[in-house]
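New to this one? Here is a quick tour to read alongside the sequence and the 3D view.

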Amino acid sequence: MSKYTKEDLWVWKTLFTRQKNNIPGKASQAYIDALEHMSPVLNANEIPSFEKINTWFETETKWELQVVPGLIPVQEFFQLLAERKFCSSTWLRSKNSLDYLEEPDMFHDIYGHVPLLSNPVFSEFVHEFGKLGCQFLDDPEKLLQLQRLYWFTIEFGVIQEQGKIQSYGAGILSSYGETNQIHEQNANFLDYSIEAIIQKVFRTDIMQEDYYVISSFEMLFESLKRLSRVWNKELTEA
């Protein structure tokens, strides 16, 4: 990891420590537990080693980090997920850009996404999501609908836990401001409906205004399996 500078380490430690201290009572308990579970290889004191994290996952849910230069084609993204490979950047934002980025950096990818890949149910949801996308690589409309599902769940998902709305989406949990926005209930919280989500247009340039609330990761996974059955039935009847 010698390519990283002292400033990079300061940025990582500052972001990690600030958000870890911020999320109790705001993040899903499943995420908090997963972050703690991964603490030997994911913590504030060292910039993540992909090799260490991949070795750690070998005895867990079998995921693997795949280095990418930035945003990649949608088709390649689905194919990687279907192989249990989660893509991540290795670049880190500057100290002058702690709170806003136009595209995801390593803090978003690793701190936001990776912990829940150690959760058995959630990790299977992500894996099956990728496999479903691979079935429809030649169908632009289906791929767009899956992108919307990804956005409102894996990126900006919230869950009802013990009577409170908590965050589990990586786009929220890697953002100090958006984590607090959810906690302060400063948004619209809608009943989860996969049918509604896949028709919902989203914006990437603002904090989200609408969030879909799940009751469990099992519910989330079941909705994906239901969607898969519907789409595959359409295929066989076409």
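**Starting in the sheet**

Strand β6 is covered on both faces: Asp-210, Tyr-212 and Ile-214 are buried on one side, and Tyr-211 and Val-213 are buried on the other. That fits a general pattern, since side chains in a regular strand alternate between the two faces of the sheet. Keep in mind that this is a predicted model. From β6 we can work outwards to the rest of the sheet and then to a few helices.

**The sheet around β6**

- β6 belongs to an open sheet of 4 strands, in the order β4-β3-β6-β5 and with mixed pairing.
- The edges are taken by β4 (164–167) and β5 (188–191); each has a single partner strand, so one side of each has no neighbour in the sheet.
- Going from one strand to the next, the twist averages 40 degrees.
- 5 of the 5 residues of β6 are buried, so "mostly covered" is a fair description, with buried meaning under 20% relative accessible area.

**Who pairs with whom**

- β5 and β6 run parallel and are joined by 4 bridges, with Leu-190 standing opposite Tyr-212 of β6.
- β3 and β6 also pair in the parallel sense, over 2 bridges.
- β3 and β4 pair in the antiparallel sense, over 4 bridges.
- Val-158 is a handy residue to look up: its bridge partner in β6 is Val-213, and its bridge partner in β4 is Ser-167.

**Helix α9, across the sheet**

- Helix α9 (residues 176–183) lies across β3, β4, β5 and β6, and it runs at about 65 degrees to β6.

**Helix α11, with two sides to it**

- Helix α11 (residues 217–237) has 21 residues and reaches 31 Å from its first C-alpha to its last, close to the 30 Å expected at 1.5 Å a residue.
- Its buried residues are Phe-217, Leu-220, Phe-221, Ser-223, Leu-224, Leu-227 and Trp-231.
- Those residues sit on the same side of α11, because they cover an arc of only 155 degrees around the axis.
- Turned away from that buried side is a face carrying the exposed residues Arg-229, Lys-233, Thr-236 and Glu-237.
- The cover over the buried residues of α11 includes β3 (158–161) and β6 (210–214) from the sheet, along with helices such as α2 (29–37) and α7 (140–155).

**Helix α5, mostly covered**

- Helix α5 (residues 106–113) has 8 of its 8 residues buried, including Met-106, His-108, Asp-109 and His-113.
- Asp-105 caps the N-terminal end of α5, with a side-chain oxygen 3.3 Å from the backbone nitrogen of Phe-107.

Notes:
Residues are numbered from 1 along each chain as its sequence is written. This is a predicted model: local features need pLDDT of at least 70, side-chain atom pairs count only at pLDDT 80 or more; totals for chains, interfaces and linings use all residues. Side-chain values use heavy atoms; hydrogens and water are left out. The expected span of a helix is 1.5 Å times one less than its number of residues. Buried means under 20% relative accessible area, exposed over 50%, partly exposed in between (1.4 Å probe, protein chains only). The arc is that of the directions from the helix axis to the C-beta atoms. Contact means heavy atoms within 4.5 Å. Two strands pair if DSSP finds at least two bridges between them. Axes are lines fitted to C-alpha atoms, for helices over the stretch in contact, and angles run from 0 to 180 degrees between N-to-C directions. A polar contact is a pair of N or O atoms within 3.5 Å; within protein, one must be able to donate a hydrogen and the other to accept it, and residues adjacent in sequence count only if both atoms are side-chain atoms.
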